[in-house]
Amino acid sequence: MTQQSLSDPAPPLLAANLPAENLTAALNLAGAPRILGRVLGFAIHYRWRFAVAAGTSLAATLFNLAIPRLLGWSVDQSLTLLHHADGTPQGAVLTRLAYIGALLVAVAAARGFAQMVAGYQSQYIAQGVGRDLRLLFFEKLQRLGFSFHDRIHSGDLITRGMLDLEGVRGFIESALQAVVSLVLLVVIGTVMLVLQNPLMALLAMSFVPFAVWRAGRMGLLLRLAWTRLQEKMSVLTRVMEENLQGMRVVRAFAAKHFEISKFDEAGDEALRLSNRRIFIRSASMVFINSSYFLAMGLVVWVGGREVQAHRFTIGELTEFLTLMTILQQPVRQMGMIMNASARAVSSGKRLFEILDMVPNIRDSAGAQPLRLNEGVLRFENVSFSFDGSSDGGNNVLEDISFTVRPGKTLGIVGPSGAGKSTLAQLIPRFYDVSAGRITIDGQDVREVTLDSLRNAVGLVQQDVFLFDDGIDDNIAYADPEAEIHELIDAARTAQIHDFAASLPAAYATRIGERGMGLSGGQRQRLSIARGMVPDPAVVVFDDATSAVDAATEHQLRHALRAATGKQSTIIISHRLGSLLHADEIIVLAAGRIIERGTHERLITAGGYYAALYRAQSQSVAGEAA
């Protein structure tokens, strides 16, 4: 499966409500065994624990099936004692009954111990599989490209990584052992009964075909219900996540009641689907239990006539009825089994959709680490479109060429939507070019390992994300092994050191979720400091000082110029004052370079750059006046 599979228009399993024509696709009868097989494959990775669980489940089943036989013997022995039927001395019969009683206690204890071991091992395996899947899912999200994350909501990913994963894990934890016990009881029990009395065995197990048919139908309906419910839970998660992230906007526009009604609407739909799931399970279990008790009634009626005709003993009839009583518990669990299986299939399908994706941005076959010599960055006739086409019709960038050498600075300016940020994101391969190539020291960035490339490229973006941690940990995020003096040097360069040092806990001060304890300018300067710590060969500042005041930006510009004196530097900015020292400036419009040159040459040319410079100069003069 490719990443595009989740970005196609209206994919069936991403819709909140599945239309009727997608019913077959949702149920996907052929896919259920495959999905459950994959789930089972994860469990089998715990080989010896799986073997112990299977062995102890078999032992518990055998002990369980021994109980009816022992009870049947005890009834026959009691009748012998009562009627002195075979002339056996009373003391011998009592001894046999005592022996059978002791054996019953031992068998029951052994069954309980075996069930305990099987249950513990099943729980252990389920927890281990949950951990493994959680790690695989999170690791896959780290490798999937930006084109994937641009198209799928994080709320849906959270639902898949939490609720859907729990649905898969829950099947191993509760249903797998129950399935094993049910199958073993029915198969081995049927064989035992057939060997004893084929007619009575047929009557005792007559409910099984009806139960299997109804359970199968229940499973199909539950799968559809679970699929719709999981999708609705994604909607709930998305609404809550957006509300929490946009709390300030909600409060600013007094939209509390609108948000509550939106969440309440999604919650009502989830409740309706949950109730539908409960109704399906309850109605099916009524049918299954009715067929079970009907079979038991037939055994009592026919068995009584067989006893009356002396073709069957009361002890043997007791054995049949006891076995059916033992089967009652797994039969009652059938609803839980089908519910857990249906949830595992629907949840597993959604989970494996992500796990099976092949990242479109990945190391090529035979990729080697980037070998840095000088750190020369070169764009060679680069074009790019988000849909990956190379025909030029949807290109965001078109035929871009430039070279940035160490110690040199390239400035990029242009109107919003010109493709400036997209250009910056092509350098560390957040996206791949559609045509042309990008090289560092002559090496195509698509032919080197991603880790080595991104260690060599420092991208400081306008949209800053900071972690709810200390200032020092946020600065050191790109290089956790950095010494404190390196963090301070980076902070000084970014003009954030004085602020950090003035705090009560200094650099250890926590900055809150997404850095909300800081101003916009402070967050940007902290992001710049983070980008400077690893000392990359290529540094890209994507409008990284847009929230910084003019005086601080002036100091920051001089500090950065000194700090990046040996690096290839790109500065993208709407403020032309940030680009005055650039060795070359290119002007982008509609994805194309329309002007290029030094500041002086562009002013002399009298084009877009000159007009923008005059407009910004007049604005600054007006504010000063």
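**Close-up 1. Helix α15 and a negative surface patch.** Helix α15 spans residues 484-493 and contains E486. The model shown here and in the other views is predicted. E486 is one of the residues of a negative surface patch, together with E481, E483 and D489. The relative accessible area of E486 is 31%, so this residue counts as partly exposed. That value meets the condition for patch members, because they need over 30% relative accessible area.

**Close-up 2. The aromatic pair of W213 and F287.** Across the whole structure, a search finds 13 aromatic pairs. In one of them, W213 and F287 meet edge-to-face, with 5.8 Å from centre to centre and 65° between the planes. The two residues are 74 residues apart, and their pair links distant parts of the chain. W213 belongs to helix α8 (residues 207-245), and F287 to helix α10 (residues 256-308). F287 has a relative accessible area of 33% and is therefore partly exposed.

**Close-up 3. The aromatic pair of Y292 and F293.** The ring centres of Y292 and F293 lie 4.9 Å apart. Their planes stand at 75°, so this pair too is edge-to-face; the angle needed for that class is over 60 degrees. Which of the two residues is buried, and which is partly exposed? Y292 is buried, because its relative accessible area is 1%. F293, with a relative accessible area of 41%, is partly exposed.

**Close-up 4. An aromatic cluster.** F146, F384, F386, F430 and Y431 together make up one aromatic cluster.

Definitions and conventions
Residues numbered from 1 in each chain as written. Predicted model: local features only at pLDDT ≥ 70, side-chain atom pairs only at ≥ 80, totals over all residues. Heavy atoms only, no water. Patch = residues over 30% accessible without salt bridge, like charges linked within 9 Å, V, L, I, M, F, W, Y side chains within 5 Å. Areas by Shrake-Rupley, 256 points an atom, 1.4 Å probe, with all protein chains shown as cover. Salt bridge = Lys/Arg side-chain N within 4 Å of Asp/Glu carboxyl O. Lys, Arg positive; Asp, Glu negative; His and termini not counted. Charge placed at Lys NZ, Arg CZ, Asp CG, Glu CD. Helix = DSSP H or I, 4+ residues; strand = E, 2+ residues; numbered from the N terminus. Buried < 20%, exposed > 50% of the residue type's maximum accessible area, 1.4 Å probe, protein only. Phe/Tyr/Trp six-rings, centres within 6.5 Å; stacked < 30°, edge-to-face > 60°.
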